[in-house]
Amino acid sequence: MGMLGEFKQFAMRGNVMDLAVGVVIGAAFGKIVTALVDNVIMPPIGLLIGGVDFSAWKWILRAAEPGHPEVAIAIGVFINTVIQFLIIALAIFLMVRGLNKLVQPKPAAAGPPPPPPADVQLLTEIRDLLKK
């Protein structure tokens, strides 16, 4: 069995070890996407719209006072998270699409139908003789 065959068998087996591997890889992939969005994608977008740092973009509901922390809606963090989600969803879509292409059987070439079993042939001959 080749490497592709082993991978196909691994991908289609639904046991707990495969799930654990998927969770670990998914967590690592999430960190990569977070770094990509926060450090590569959002800075140029922020620069294009006037030097805005999205991670610091927030709506302050109540300013910080002595003894009371600031209350704010961190809309920039939300935007970063949405972009991260879209990138992860695209990556998963492409992965599932690729796996589905590996799993789907190739359509067989249409050939002549196999001959019927001997007993069916015998019964067919008997039926034809009785018709005569």
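These legends walk through several views of one predicted model.

**Figure 1. The whole chain, with its 4 helices and 2 strands.** Going along the sequence, you meet the elements in the order α-α-β-β-α-α. The radius of gyration comes out at 30 Å, well over the 14 Å that the globule rule gives for 132 residues, so the chain is more spread out than a compact globule. The C-alpha trace covers about 105 × 35 × 30 Å along its principal axes. Just 9% of the 132 residues are buried. The chain exposes about 10800 Å², and 72% of that comes from carbon and sulfur atoms. As for charge, there are 11 positive and 9 negative ones, and their mean positions sit 8 Å apart. If you take the contacts between residues at least 6 apart in sequence, 42% of them join residues at least 24 apart.

**Figure 2. Helix 3, from residue 75 to residue 103.** How well does the span of helix 3 fit the 1.5 Å a residue rule? Its 29 residues should span 42 Å, and the end C-alpha atoms are indeed 42 Å apart, which agrees. The buried residues to look for in this helix are I75, G76, N80, I83 and Q84. A handy reminder while you look: an α-helix makes one turn per 3.6 residues, so residues three or four places apart point the same way.

**Figure 3. A close-up of M42 in helix 2.** Helix 2 covers residues 16-48. Is M42 buried or exposed? With a relative accessible area of 5%, M42 is buried, because the cut-off for that is under 20%. Setting aside residues up to four places away in sequence, M42 touches V37, F54, I79, N80 and I83. Two of those partners, N80 and I83, are on the list of buried residues in helix 3. For a sense of scale, pick out A118 too: M42 and A118 are 76 residues apart in sequence, and their C-alpha atoms are 73 Å apart in space.

**Figure 4. N80, looking from the helix 3 side of that contact.** N80 is buried as well, at 6% relative accessible area. Which residues does N80 contact, once neighbours within four places in sequence are left aside? The answer is V37, D38, M42, F54 and S55. V37 also turns up among the contacts of M42, and so does F54.

**Figure 5. Q84, another residue of helix 3.** At 13% relative accessibility, Q84 counts as buried. Beyond the residues up to four places away in sequence, Q84 touches V33, T34, V37 and D38. You'll recognise V37 and D38 from the N80 view, where they are contacts too.

**Figure 6. K101 and Q9, away from the buried residues.** K101 is found in helix 3, and at 54% relative accessibility it counts as exposed. Although K101 and Q84 are 17 residues apart along the chain, their C-alpha atoms are separated by 26 Å. Now find Q9, which belongs to helix 1 (residues 3-12). Q9 counts as partly exposed, with a relative accessibility of 46%. Where does V103 lie relative to Q9? The two are 94 residues apart along the chain, yet the separation between their C-alpha atoms is 9.7 Å. V103 is the last residue of helix 3, which runs over residues 75-103.

Terms used
Residues are numbered from 1 along each chain as its sequence is written. This is a predicted model: local features need pLDDT of at least 70, side-chain atom pairs count only at pLDDT 80 or more; totals for chains, interfaces and linings use all residues. Side-chain values use heavy atoms; hydrogens and water are left out. The radius of gyration is taken over C-alpha atoms; the globule rule is 2.2 Å times the number of residues to the power 0.38. Buried means under 20% relative accessible area, exposed over 50%, partly exposed in between (1.4 Å probe, protein chains only). Contact means heavy atoms within 4.5 Å. Accessible areas come from the Shrake-Rupley method with a 1.4 Å probe; for residues, only the protein chains shown count as cover. Lys and Arg count as positive and Asp and Glu as negative; His and the chain ends are not counted. The place of a charge is taken as NZ of Lys, CZ of Arg, CG of Asp or CD of Glu. The expected span of a helix is 1.5 Å times one less than its number of residues.
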